[in-house]
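Visitor: Got a minute for a fold? Put it up and I'll ask as I go.

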Amino acid sequence: QFLKHLSRTRLLLHLVDVAPLDGETDPVEEARKIIAELGRFSPELAARERWLVLNKIDLLDDAEVDALRQRIVEALDWQGPLYLISAISGQGTRQLAGAIMTRLENMKI
């Protein structure tokens, strides 16, 4: 039912927590699960423009964030836009919001 609501969107944000609450969940595996579920639900939706947003960067030091970013990008063979944010502190969220607004304004309706 949740994925059905996504069919009305023009741009998908794939939000991945780089520091999961349980400390054991692998961000790459979680991202792969969502990508697979999206593809099973609708190949058209899976092909829609999607940005990767790595969240909770405030919980790791810069070197850890960089290493995780690189590992996630390589493991997913990510080619699209990538943003690093901390939803709780707001770090990177203004840049993301501005980029979303710009992209949506430039998309054909």
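Guide: We'll take confidence, then the sheet, the helices and the pocket.

Visitor: What is the mean pLDDT of the protein?

Guide: The mean is 90, and 97% of the residues reach 70 or more. pLDDT is the predictor's confidence in each residue, from 0 to 100. This is a predicted model: local features need pLDDT of at least 70, side-chain atom pairs count only at 80 or more, and totals for chains, interfaces and linings use all residues. Residues are numbered from 1 along each chain as its sequence is written, and side-chain values use heavy atoms, without hydrogens and water.

Visitor: Which elements have the lowest and highest mean pLDDT?

Guide: α1 is lowest at 73, and β3 is highest at 98. Helices (H or I, at least four residues) and strands (E, at least two) are DSSP runs, numbered from the N terminus.

Visitor: Sheet next. What is the strand order?

Guide: β1-β2-β3, in an open sheet of 3 strands with parallel pairing. The edge strands are β1 (12-17) and β3 (82-84), each paired on one side only. Two strands pair if DSSP finds at least two bridges between them.

Visitor: How many bridges link β1 and β2?

Guide: 6, with β2 spanning residues 50-55. Asp 17 has Asn 55 in β2 as its bridge partner.

Visitor: Which helix lies across β1, β2 and β3?

Guide: α5 (residues 93-106), at about 170° to β2. α4 (residues 62-76) lies across β2 and β3, at about 155° to β3. Contact means heavy atoms within 4.5 Å. Axes are lines fitted to C-alpha atoms, for helices over the stretch in contact, and angles run from 0 to 180 degrees between N-to-C directions.

Visitor: Now pockets. Which residues are closest to the centre of the largest pocket?

Guide: Leu 13, His 14, Leu 15, Val 16 and Ile 34, out of 20 lining residues. α1 (2-6), β1 and α2 (27-41) each give two or more residues to that lining. On a 1 Å grid over the protein atoms alone, a pocket is an open set of points where a 1.4 Å probe fits, with protein on both sides within 12 Å along at least five of seven lines; lining residues have an atom within 4 Å of a point.
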